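Here are some notes to go with your first look at this one. Have the viewer open while you read, and take the points in order.

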Amino acid sequence: MAWDIVIAGGGFGGYYAARTLERVLPPHSARVTLVNDVNFLLYTPLLPGAAAGTLEPRHVVVPLREQLRTTDLWLGRVSSAEPASNCLLVDSLDGRRHHLHYDQLIVALGSISRTLPIPGLVEHALGFKTLSEAIALRNRVISQLEIAETIPDAETRAEYLTFVFVGAGYAGLEGLAELQDFMSDIIDLYPRCCVQGMRFVLVEAKERVMPEVAPDLAAFAERELRGRGIEIRTGTTIEEVTDRTVRLRGGETIPARTVVWTAGVKPHPVVARLGLPLTPAGRLDVDQTMRVRDHANVWAIGDAAAVPDPARKGQASPPTAQHAIRQGRRVARNVAAELGVEGRVKPFKYRTLGVFVDMGRHQAVASTMGIKWRGFPAWFLARTYHLANMPGMRRKLRLVADWTVSLLFDRDTSELGQLGHPPELERHGGVSDGGRPASQPETPKTQV
Ligand SMILES: Cc1cc2nc3c(=O)[nH]c(=O)nc-3n(C[C@H](O)[C@H](O)[C@H](O)COP(=O)(O)OP(=O)(O)OC[C@H]3O[C@@H](n4cnc5c(N)ncnc54)[C@H](O)[C@@H]3O)c2cc1C
């Protein structure tokens, strides 16, 4: 009898678990099903490049069907689970509910942006975690320039030309740096805005930017950003957001119509509906082998799970792609071991090998195996690293092509916000704006 192995979530952790299972399981010994709500893996470290237009949005994702050979991809949304009967509940895209049986379940459902109860935040701020948010941000900043160009009053125009990022981790710092780079490349096309100038503000609650990297590298990154005219406010938070302003702790009010929230993540809300034990932080409670507490056939990895960090005793692994990838590979081998196929169930052992923070304009900071890099060599290393890690030769070539094109040509300023939102067809027999029946043509058609 073939075993049923179900993987919930096809991001970094789930995808690498599926690929490893394809490799280690004997043919036809198990049915591996990967459930994901989209048919691609989002390569998040390249999201700032997509927002800044140096990369095509389609080139920062990996189509799962292209990369998986024997895994069955099931497109749908996990809604809950019944661990007592080994069942995962999945709603397909057309709304039908399926009960997927599993002998072994791997949960890799990732995380969402963690918001705080700040008045106006949810209503007015943008997130920067998904592809749609990155593209929405790009369209937003271009439309802000277009609107600002039509406004005669400098004070009102300033609201459209001010961009506030909250949270100076990977996403905030790289996102802001790439966006500032993009906008300073295109601002000359907007004469009024060019004379007035733009304002970028990075707000961070901790005392320094990039808590993930060594203090001297973070200081280098901070100097680089300040050198570009970006204002950095550390040790403070925001207290209120309106459609035209951001108020900081201490009372300072910044007139700004674009606020981007990148202040941390929390496990995807669906993990709380799986009937599995959680830690106080809401991540799935697992041991060092990534097995969920008290559930012998359920495993959890990535941002959704509190996998003990081998490098920091008593703490959970940080929510990074490099941890999710290694956990995916290890958990697949543990599942295979559990089914009697290969080796023993082993603990997760990975320690961070390095970090890269790409700041655009050929500038980055990096730390690899104890060696620190900054400036152009770090930027080159970061690009090489992502190229090596992007799954599939065709995807790698697309990245190289995009990067080369962006070196040779000017930036594209088309605002394609209407993509994916086509206008409705006019109703037959309806009444158009001018009171004329909608179906009647404006001028009589010539008979041919
Ligand atoms: C802008 C940005 C930049 C980053 N840069 C880096 C970096 O440079 N280096 C690094 O190491 N990390 C980086 N990270 C962090 C990294 O992206 C995450 O840690 C990593 O994606 C976690 O992997 P995962 O498998 O746990 O989750 P994910 O990769 O998020 O995968 C979860 C999957 O589950 C799917 N899913 C969610 N809910 C459901 C549902 N109900 N039903 C079905 N499917 C569902 C999602 O669509 C997704 O495909 C960055 C993150 C962001 C946002």
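The points below go from the ligand site to two loop residues and then to a pocket.

1. Before anything else, keep in mind that this is a predicted model. Every value below was computed from it, so to speak, on paper.

2. Start with the ligand. It has 29 residues around it, and the closest are G13, D37, T44, V78 and D303. If you want a quick way in, pick those five names in the viewer and look at what sits between them.

3. Two of those closest residues also turn up in polar pairs with ligand oxygen atoms. For T44 the partner is a polar side-chain atom, 2.4 Å from a ligand oxygen. For D303 a backbone N or O atom is involved, at 2.8 Å from an oxygen atom of the ligand. A321 joins in through its backbone too: one of its polar backbone atoms is 2.9 Å from a ligand oxygen.

4. How much of the ligand's accessible area does the protein cover? The figure is 90% of the 1,000 Å² that the ligand has on its own. Four elements give two or more residues each to the shell: helix 1 (12–24), strand 5 (72–82), helix 7 (170–186) and helix 10 (321–338). By type, the shell splits into 13 nonpolar, 12 polar and 4 charged residues.

5. Now for the loop between strand 18 (265–267) and strand 19 (298–300), where M290 lies. M290 is not a glycine, yet its phi is positive, at about 75°. Is M290 buried or exposed? Its relative accessibility is 0%, so M290 counts as buried.

6. D294 lies in the loop between strand 18 and strand 19 as well. This residue also has a positive phi without being a glycine, about 65° here. D294 has a relative accessible area of 67% and is therefore exposed, the cut-off being over 50%. Worth clicking on both residues to see the contrast: M290 is buried, whereas D294 is exposed.

7. Last, have a look at the second largest pocket, with a volume of about 710 Å³. It is lined by 26 residues, and L55, E56, P57, R138 and L416 are the closest to its centre. Helix 5 (131–149) and helix 12 (393–408) each supply at least two lining residues, and helix 5 has the largest share, with 5. The lining divides into 11 nonpolar, 9 polar and 6 charged residues.

Notes. Residues are numbered from 1 along each chain as its sequence is written. This is a predicted model: local features need pLDDT of at least 70, side-chain atom pairs count only at pLDDT 80 or more; totals for chains, interfaces and linings use all residues. Side-chain values use heavy atoms; hydrogens and water are left out. A residue is near a molecule or strand if one of its heavy atoms lies within 4 Å of it. A polar contact is a pair of N or O atoms within 3.5 Å; within protein, one must be able to donate a hydrogen and the other to accept it, and residues adjacent in sequence count only if both atoms are side-chain atoms. Accessible areas come from the Shrake-Rupley method with a 1.4 Å probe; for residues, only the protein chains shown count as cover. Ala, Val, Leu, Ile, Met, Phe, Trp, Tyr, Cys and Pro count as nonpolar, Asp, Glu, Lys and Arg as charged, and the others, Gly among them, as polar. Buried means under 20% relative accessible area, exposed over 50%, partly exposed in between (1.4 Å probe, protein chains only). On a 1 Å grid over the protein atoms alone, a cavity is a set of points where a 1.4 Å probe fits but cannot get out, and a pocket is an open set with protein on both sides within 12 Å along at least five of seven lines; lining residues have an atom within 4 Å of a point. Grid points are joined across faces, edges and corners, and a volume is the space filled by probe spheres set on the points.
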